[in-house]
Each structure stands twice: as structure tokens, then as C-alpha cells.
2 protein chains.
Amino acid sequence: MARERQDIALAVSTVIFALRPHPETGLSAPWIPLVRRIAAPFESRWALPGGWVAPRESLEDAAARNLLETTALEPTYLEQLYAFGAVDRSPEERVVSVVYWALVRADQAQQSREGENVRWFPADDLPQLAFDHNVIVDYALWRLRTKVEYSRIARAFLGETFTLTELREVHEAVLQKPLDAANFRRQVESSGTLVPTDSVVTGGRHRPPRLYRYNETIELVDNGPLGHEKTGSTRVVS
Amino acid sequence: MARERQDIALAVSTVIFALRPHPETGLSAPWIPLVRRIAAPFESRWALPGGWVAPRESLEDAAARNLLETTALEPTYLEQLYAFGAVDRSPEERVVSVVYWALVRADQAQQSREGENVRWFPADDLPQLAFDHNVIVDYALWRLRTKVEYSRIARAFLGETFTLTELREVHEAVLQKPLDAANFRRQVESSGTLVPTDSVVTGGRHRPPRLYRYNETIELVDNGPLGHEKTGSTRVVS
DNA sequence: GCAAAAGTGTTAGCTTTACACCCATGA
DNA sequence: TCATGGGTGTAAAGCTAACACTTTTGC
């Protein structure tokens with residue numbers, strides 16, 4: 001079963017989400033950074049950050065490296081989204097793209113070099129992108145929204161400790177709808193995913209809220225194909 | 001941004017599920033076909049059916065073609081599972097595998113050429129496979145079990161029309177646990193996914209059960225990245 | 001009639017949702 | 001003391017799970 005030359009280029013791209021106020025509503029919402037293409041095809045169009053896979057790096061390493069090189073971002077969460085492999089998705093060359101999605105905190109997002117060639121856009125209001133990237137972003141947004149409800153990805157938008165209101169605001173920003181504060185509190189408290197700390201936040205003109213942290217002792221669900229193994233397939237950097 | 005030679009081989013493999021009686025319990029359970037390797041690496045080990053991606057075929061087409069060539073199977077359902085890209089998953093060569101999972105009916109499964117080099121195994125009791133294929137099968141099995149509960153993939157194991165008992169037996173085989181017939185009936189009836197036909201099945205020594213078919217007019221959920229478009233990313237062949 | 005599976009009814013317990021209300025702090 | 005968000009209480013509605021019971025067929 002000898003293999004002849006395939007001549008299929010293998011690329012990785014990443015949809016990176018951060019939360020920022022939406023320009024229209026003013027409410028916190030998902031934004032993504034895009035990179036302006038400086039060569040054909042789709043020259044001068046906005047596209048997802050990405051690049052080629054090197055022969056001696058894993059797909060995930062390739063995604064993280066390209067992310068860092070093009071946007072200077074190091075995400076706190078990185079997960080594979082889908083492999084896109086239609087024959088005509090790139091003119092001329094045959095390119096298969098393994099796409100990842102990532103989450104960064106607002107403070108990390110500000111460290112990305114923004115400028116002529118890198119700019120952040122509200123994820124629900126994008127220009128026409130290069131290749132099939134509009135479809136990809138829509139799918140990533142759908143995954144983010146479904147997964148925030150049953151997993152603990154919201155932590156990637158938060159610091160080590162946080163108040164329940166901060167956690168709820170992350171959920172509201174992702175889902176783009178208000179949540180009942182009382183019921184939200186009971187849901188997360190009964191889920192056992194959080195542990196209260198001894199600290200509260202003082203300084204507000206109101207009762208000081210308690211700080212929580214994530215409970216690291218409980219096992220995760222839907223952690224990808226290697227999630228049942230000792231080493232997860234999703235990269236979580238605290 | 002000129003790209004030098006990557007020398008990364010792009011392969012597809014597929015985890016194909018069919019339902020058959022389990023050799024120990026006698027109850028219906030998921031089985032998968034495996035292919036015996038006839039060359040290094042992992043010569044003589046069992047492995048998932050698969051092969052290389054041709055330059056001018058999509059990933060999904062490549063999966064379907066390799067399936068047909070190695071096992072003579074044409075699945076009724078085919079969906080991408082995950083792209084596996086660890087550097088050392090194949091010795092010597094660098095191989096990235098885009099893995100699909102597929103469902104076939106029992107009658108279709110019997111048409112696969114079984115023999116020295118192709119054999120069916122109970123999915124929960126496999127020998128040590130080539131490469132990382134044990135991990136892949138476990139993940140596919142997890143996806144099958146979670147997805148059967150919220151989507152309509154069970155249809156891929158059934159004919160055009162079927163009784164509610166037949167549908168329930170598919171769920172029981174996948175989940176490997178008995179379900180309450182009365183509650184199962186109410187769940188699927190209230191979901192609106194099924195439409196009763198005018199026909200019943202006669203011949204049993206009991207009240208003749210009604211035949212149902214799937215309601216094609218309702219929109220699907222979680223149909224992959226292209227699921228929101230007119231053409232789905234999952235292949236459903238009736 | 002009787003066995004067997006189809007199909008309906010009923011109830012206890014749990015979860016969800018909506019919203020009223022009290023609490024603790026800074027100004 | 002008042003405004004503000006933190007946090008608790010509560011009840012209606014809906015859903016789930018378990019199981020009793022009725023229906024319709026073949027023999």
C-alpha cells in the first residue's frame with residue numbers, strides 16, 4: 001500500500017473568543033480577532049489567524065504557535081472544532097484546515113497587537129471573510145454557546161477567583177440573554193463545580209459578594225477523545 | 001508566506017457501528033468491523049478501516065470510498081468524529097488522521113465481506129488495536145451514546161418505517177440499559193420527530209403495533225458546521 | 001380463555017421559573 | 001437613611017420515573 005505524493009496542504013486556524021462590550025447594545029458579547037490577508041487568494045480580506053502545520057508538531061501545538069505568531073495571544077482554553085476539507089475551499093491549492101477554538105480573558109486580549117493587520121470584531125457582526133471562514137465562525141459560536149451551559153469553559157474568561165455575579169455575566173455575554181441571578185446561584189451551587197473562598201470583595205456600595213474558585217477535584221465531562229485518559233486533549237492554562 | 005514541503009500524510013479512518021446480539025449477554029449491542037493490517041507498522045494487528053485522502057476528493061468522500069473499498073459497506077449515516085494529529089501516533093511517518101463514525105443497519109452489515117482480513121467485534125470488547133485506534137473507538141462509542149439521546153441518529157439503524165418497540169430496542173442496544181416502554185413512547189411522541197403511519201404489523205401473538213416514520217419537516221440540531229446551511233455536513237442516505 | 005406485547009393512566013418526587021423579600025455595605 | 005447589588009424564600013408549573021392497568025391480537 002505505497003502512498004504516492006498527496007500534495008494536500010495541512011493548515012490550522014483558530015477562532016479566538018474574548019468578551020467585550022458590544023458597540024450597539026453596550027452589553028458584554030463575544031469578539032474575535034481577525035488577520036488581514038496580504039497575499040492571494042483573498043488578498044486584503046479578513047481571515048482567521050492560522051498557518052501551516054510543521055512536520056514535527058502536533059495539531060494543537062501548531063494552533064497555539066500560529067496564534068502566538070499572528071496575534072501574540074496565549075489562550076487559557078483551546079479545543080479542536082472541526083476539520084474542513086472540501087476540495088474547492090481554497091482556489092488553486094488543496095488545503096485541509098483543522099480548526100480550533102480558543103478563549104482568552106479580556107486582559108489577555110488587550111495584549112494582542114492590534115493594528116492595520118489584526119483587528120477585533122463582534123462575532124455576530126463580521127464582514128465577508130476569506131475562504132469558508134464565516135461558516136467556521138458561526139459554528140464555533142454555536143459550540144461556545146451550547147458548551148457553556150453544560151461544561152466549565154466559562155472559567156477561561158475569569159481569573160482564579162470570581163464572584164457569582166461575574167460568572168453569571170460571562171454566561172449572559174455568551175448566551176446574549178439575561179439570567180435570573182437567584183436561580184443561577186442555586187444551579188451552580190448545587191452542581192458542586194464551585195468552592196467558596198474565605199474572601200469577599202469590598203469597596204462596592206452594597207453587600208460584599210463572596211469570591212469562589214473552581215473545584216478541581218471533580219472529573220470533567222466531554223473533554224475530547226483523550227478526556228478519559230490522564231492527559232486531556234483540551235489545553236487549559238491557568 | 002511560501003510553504004515548503006510539509007511531508008505530512010493525510011489519512012481517513014472510520015468507526016462503523018452496527019447492532020448485533022452480544023456474545024455474552026445475548027442482548028443487542030454495538031459491533032464494529034476491523035481490518036487486519038498486512039504491512040508494517042503494526043503488521044497483523046487489527047485496525048480501523050481507512051486509507052489515504054486523494055487530492056481531489058473531500059474528506060467525507062475519502063472516508064466513504066475507503067469504507068467501500070475495505071469493507072464493501074455503504075453507511076446510512078456518516079459524521080466526522082475528530083482529527084488525530086499527535087506527532088508520534090504512527091512510527092516513522094507523520095500521519096494525521098481525520099476519523100469519521102458511521103452507522104449501518106444489520107442487514108447492510110451482513111453484506112460486508114467478512115473473512116481473514118475483515119471481522120466484526122463487539123465494540124466494548126476489542127483486542128489491542130494498531131496505532132491509537134482503541135482510544136478512537138472509545139471516543140466514537142461515547143459520541144454515539146450521548147448523541148442518540150438528543151438527536152435522531154437511531155433512524156440510521158432502522159428501515160423507512162418501524163414500530164416504537166423497534167426504536168426503543170435501538171436505544172437500549174446503544175445505551176446498554178433497559179428503558180421504560182411507556183415513558184419512552186411519551187417522550188418520542190411529544191418530541192414531534194415521528195409521524196404515525198396508517199399501517200400496523202400483524203402476525204404477532206399480541207396487539208398489532210403501529211408503524212411510524214420520521215417527520216422530515218422539522219429542522220435538525222447539531223448537524224455539524226454546515227448544518228445551518230442548505231446542505232448538511234452529515235451524510236444521510238435512506 | 002389465555003399469553004403476550006401494545007398502549008393508557010396515575011402519582012410521587014424532582015427540577016425549573018418567576019418573583020417577593022431580606023441583608024450588608026458605602027456614601 | 002437610602003440606594004445598590006448580594007443573597008434567601010417560596011410557590012406554581014412542568015418534567016421524570018415507576019408502575020398499575022386496559023386493549024387487542026394469535027392460538
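Chain B and chain A bury about 3,500 Å² between them, and 60% of that area is on carbon and sulfur atoms. Keep in mind as you read that this is a predicted model. The contact involves 37 residues of chain B and 37 residues of chain A. What does the rule find across this interface in the way of salt bridges? The number is zero. Polar contacts do occur, with a count of 12 residue pairs between chain B and chain A, both residues being at pLDDT 80 or more.

On the chain B side, the elements that give two or more residues to the surface touching chain A are the strands β1 (9-21), β5 (77-84) and β6 (95-103), along with helix α3 (133-150). The largest share comes from β5(B), which gives four residues. Sorted by class, this side of chain B holds 21 nonpolar, seven polar and nine charged residues.

**Salt bridges within the chains**

Over all chains, the salt-bridge count comes to 20. Three of them are set out here, with the closest N to O distance for each.

| Pair | N to O distance |
|---|---|
| A:R213 and A:E160 | 3.3 Å |
| B:K147 and B:E79 | 2.8 Å |
| B:R213 and B:E160 | 3.3 Å |

Let's take chain A to begin with. A:R213 forms a salt bridge with A:E160. A:R213 sits in strand β9 (residues 210-214) and A:E160 in the loop between α3 (133-150) and α4 (164-175) of chain A, so the pair ties together parts 53 residues apart in sequence. With a relative accessibility of 33%, A:R213 counts as partly exposed, because that class covers what falls between the 20% limit for buried and the 50% limit for exposed.

In chain B, the side chains of B:R213 and B:E160 also meet in a salt bridge. B:R213 belongs to strand β10 (residues 210-214), while B:E160 lies in the loop between α3 and β8 (162-163) of chain B, so this pair links parts that are 53 residues apart in sequence. B:R213 is partly exposed, at 33% relative accessible area, and B:E160 counts as exposed at 52%. Another group worth a look is in chain A, where salt bridges that share partners join A:E57, A:R65 and A:E69 into one network.

Are the partners in the remaining pair of the table, B:K147 and B:E79, buried or exposed? Both are buried. The salt bridge between B:K147 and B:E79 has its closest N and O atoms 2.8 Å apart. B:K147 is in helix α3 and B:E79 in strand β5 of chain B, so the bridge ties together parts that are 68 residues apart in sequence.

**Around DNA strand D**

Turning to the nucleic acid, 19 residues surround DNA strand D, and the closest are A:T165, A:R185, A:R186, A:H206 and B:G204. Of the strand's atoms within 4 Å of the protein, 56% belong to sugar or phosphate and the rest to bases.

On the phosphate side, a polar side-chain atom of A:T165 lies 2.7 Å from a phosphate oxygen of DNA strand D. On the base side, a polar backbone atom of B:R207 is 2.9 Å from a base oxygen, and a polar backbone atom of B:R205 is 3.5 Å from a base oxygen. The elements giving two or more residues to the surface near DNA strand D are α5 (181-191) of chain A and α5 (181-191) of chain B. By class, that surface has five nonpolar, five polar and nine charged residues.

Key:
Residues numbered from 1 in each chain as written. Chains lettered and ligands numbered in written order. Predicted model: local features only at pLDDT ≥ 70, side-chain atom pairs only at ≥ 80, totals over all residues. Heavy atoms only, no water. Near = heavy atom within 4 Å. Polar contact = N/O pair within 3.5 Å; in protein donor to acceptor, adjacent residues only side chain to side chain. Nonpolar A, V, L, I, M, F, W, Y, C, P; charged D, E, K, R; others polar. Contact = heavy atoms within 4.5 Å. Buried area = accessible area lost by both parts, 1.4 Å probe. Salt bridge = Lys/Arg side-chain N within 4 Å of Asp/Glu carboxyl O. Buried < 20%, exposed > 50% of the residue type's maximum accessible area, 1.4 Å probe, protein only.
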